[in-house]
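Work through the exercises below with the sequence and the 3D structure at hand. Each task is followed by a solution in steps.

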Amino acid sequence: MPALARPLKSPEVWDRGSMDGAVTRDGCPVELYTLLPTTGEPAIVHAAIPPGAEILELGCGAGRLTHPLIDLGHPVTAVDNSADMLAHVSGPASALVTVLADIETLDLDRRFPAVLLASHLINTPDDRLRGRLLAACRRHLAADGRVLIQWLPPVWFDRVFADMRPVTGRIGRIEVTDTPLSHDGTVLQARCTYRVADTTGPAGGAASSGGTVWSHRFATRRLSRADLHAGLAGAGLRFERHLDAGRHWLTAAV
């Protein structure tokens, strides 16, 4: 399940649970996004672009990918529509520019060798919004540049549709349970619950059953390969290649 996905202008509702602190206008708890670690994404991006290539990161959140990409030598222009998220994004002025804006209306009047669209945003059920996201990528892409996209491939949906049972795993110290609720063969409705254990228990012992819990419902759309290629073509892009064995990452070019 797409535990790291962030809803984009979606009607899905977060249950604040035991959460305090800032919440974005699309309902995302900022504190949660400051706690989520990377799961290999920066290395995938780094290996796919030239050393030191500048990256336009669309939907940077609290800097989960931004910070390690800067550490890998890439200047980053980090875009998000939440000032509370951007407040957690930091780095040297020579390597980081932050921009408060919606992705779909962004127009920086410049081009980048690498444009990053992560967090499965391309799987939005809103076809028009998907087109506008891809158009923003194309609008900011250099002629010889690459768009790097994280998506949920068709085979992932096929497995979930066939099983429709909760799956629990861990992202760092965060326990994540993804519960499929319903599907129509194309759009999946599900609930994702994050639990951060209370680490104040006895030294060397198990964490207490307390801690912090967040939960939200989300919808995500199965895109066939034909859907993907058509969406890219509609934005003036073409599929180039997959970047990982699971085919969750791909590049596109003009």
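**Exercise 1.** Which residue in β3 is the bridge partner of E57?

Solution. The model is predicted: local features need pLDDT of at least 70, side-chain atom pairs count only at pLDDT 80 or more, and totals for chains, interfaces and linings use all residues. Residues are numbered from 1 along each chain as its sequence is written, and side-chain values use heavy atoms, with hydrogens and water left out.

Step 1. Helices (H or I, at least four residues) and strands (E, at least two) are DSSP runs, numbered from the N terminus. Strands pair if DSSP finds at least two bridges between them.

Step 2. Strand β2 covers residues 55–58, and β3 covers residues 76–80. The two pair in the parallel sense over four bridges.

Step 3. The bridge partner of E57 in β3 is A78.

**Exercise 2.** Find the bridge partner of E57 in β5, then state whether the faces of β2 are covered.

Solution. Step 1. Strand β5 (residues 112–117) runs parallel to β2, joined to it by four bridges. In β5, E57 has L116 as its bridge partner.

Step 2. Buried means under 20% relative accessible area, exposed over 50%, and partly exposed in between (1.4 Å probe, protein chains only). I55 and E57 on one side of β2 are buried, as are L56 and L58 on the other, and both faces are covered.

**Exercise 3.** Locate the largest nonpolar core and its main contributors.

Solution. Step 1. A nonpolar core is a set of buried Ala, Val, Leu, Ile, Met, Phe, Trp, Tyr and Cys residues joined through side-chain atoms within 4.5 Å.

Step 2. The largest one has 28 residues, and L58, V115, L117, V147 and I149 have the most contacts inside it. Elements that each supply at least two of its residues include β2, β5 and α5 (127–139). The largest share, five residues, comes from α5.

**Exercise 4.** Compare the burial of the two partners in the salt bridge between R25 and D102, then in the one between D127 and R130.

Solution. Step 1. A salt bridge is a side-chain nitrogen of Lys or Arg within 4 Å of a carboxyl oxygen of Asp or Glu.

Step 2. The closest N and O atoms of R25 and D102 are 2.4 Å apart. R25 is exposed at 58% relative accessibility, whereas D102 is buried at 16%.

Step 3. D127 and R130 meet at 2.8 Å, N to O. Both lie in helix α5, three residues apart, about one turn of the helix. D127 is partly exposed at 44%, and R130 is buried at 8%.
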